[in-house]
Amino acid sequence: MTQETTKCGVVAVLGAPNAGKSTLVNQLVGQKVAITSAKAQTTRARMMGIALHGNTQMILVDTPGIFAPKRRLDRAMVSAAWEGAEAADAVLLMVDPVKQRRHELEPLLEQVAQRPERKILVLNKVDVAKKEPLLALAQDLVGKVDFADIYFVSALTGDGVPEMKEALAGMMPEGVWMYPEDQVSDASERLLATEITREQLYQQLHEELPYDSAVRPEKYIQRPDGSVEIHQQIVVIRDNQRAIVLGKGGSKIKAIGEAARKELTELLGQKVHLFLHVKTDERWSEDKEMFEEIGLDWKS
């Protein structure tokens, strides 16, 4: 592929928490790069996906859901979201028409309206949303922001995503690809491994565990036999949460580790030895070093 013919650009994916942004990024890339969970604020760091379409490479900045920040952790997540939208060639605003979350959507619309980039409205969940309210919502949102395009998609089934991907590729400027052709994410394998474990924590514990938990990387060792040894620490703020994560006789942490190991083996293409342990630290969200380890900037 010659330099002259290639195109490369950045697409920021914005939206209220739980709008389906990570699922959409995974669809555009064609494989899993961002963790998905029914729990709001799953995405913390600026996870990137890299999508290819013909001679075009699109860097997808999957930003954390933007919401009113109260604690330092929240402030860091919101800051990461807006940083993710800077220097983008297109900004996708993703809206869940079923839940809507108007209290979070309205301030987001105001901020998006002021941005100079080309703005695209993506209405998700067309597979479950009713048609008339969906069109009424689209009309309402278009009245508030100057959207260049509107797409009706289902991030879950992929419906409408190929057409949107093609249109996005058409908006990207000419330029040299920033990443090798076979790379799908800029997240280091070490960070991706902690995200996979965190996803399993959410999936298996649901409402029992607040998102005050974190997974920190400890060791990532490539063994001579071609396998990888990964040690991680699950941090919670209370002892009763530690008991929940461990489960009766350690059954829960064993199930979490097993599922995460299986997925990591598939993602990394090598045998994985995963070692998890749980620590209680009620002040972890005030720890600067911890923030940097999980890919966030410290916000004082």
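This is a short talk on the confidence, one strand pair, a surface patch and a salt bridge of a predicted model.

First, the conventions. Residues are numbered from 1 along each chain as its sequence is written. Because the model is predicted, local features need pLDDT of at least 70 and side-chain atom pairs count only at pLDDT 80 or more, while totals for chains, interfaces and linings use all residues; side-chain values use heavy atoms, without hydrogens and water.

Confidence next. The chain averages a pLDDT (the predictor's confidence in each residue, from 0 to 100) of 79, and 75% of the residues score at least 70. Over residues 35–45 the pLDDT is below 50, yet beyond near neighbours in sequence this stretch has 55 contacts (heavy atoms within 4.5 Å) in the model. Where pLDDT is low, the predicted coordinates should not be read in detail. Among the elements (DSSP runs: helices H or I of at least four residues, strands E of at least two), helix α2, residues 72–85, has the lowest mean, 56. Strand β6, residues 149–152, has the highest, 94.

So what does β6 pair with? Strand β5, residues 118–123, runs parallel to β6 and is joined to it by four bridges; pairing takes at least two DSSP bridges. Val122 stands opposite Tyr151 in β6.

On the surface, Leu135, Val142, Ile150 and Phe152 make a nonpolar patch of about 290 Å². Patch residues have over 30% relative accessible area (Shrake-Rupley, 1.4 Å probe) and no salt bridge, with nonpolar side chains (Val, Leu, Ile, Met, Phe, Trp, Tyr) joined within 5 Å and like charges within 9 Å.

Last, there are seven salt bridges, meaning a Lys or Arg side-chain nitrogen within 4 Å of an Asp or Glu carboxyl oxygen. One of them pairs Asp96 with Lys125, closest N and O atoms 2.7 Å apart.
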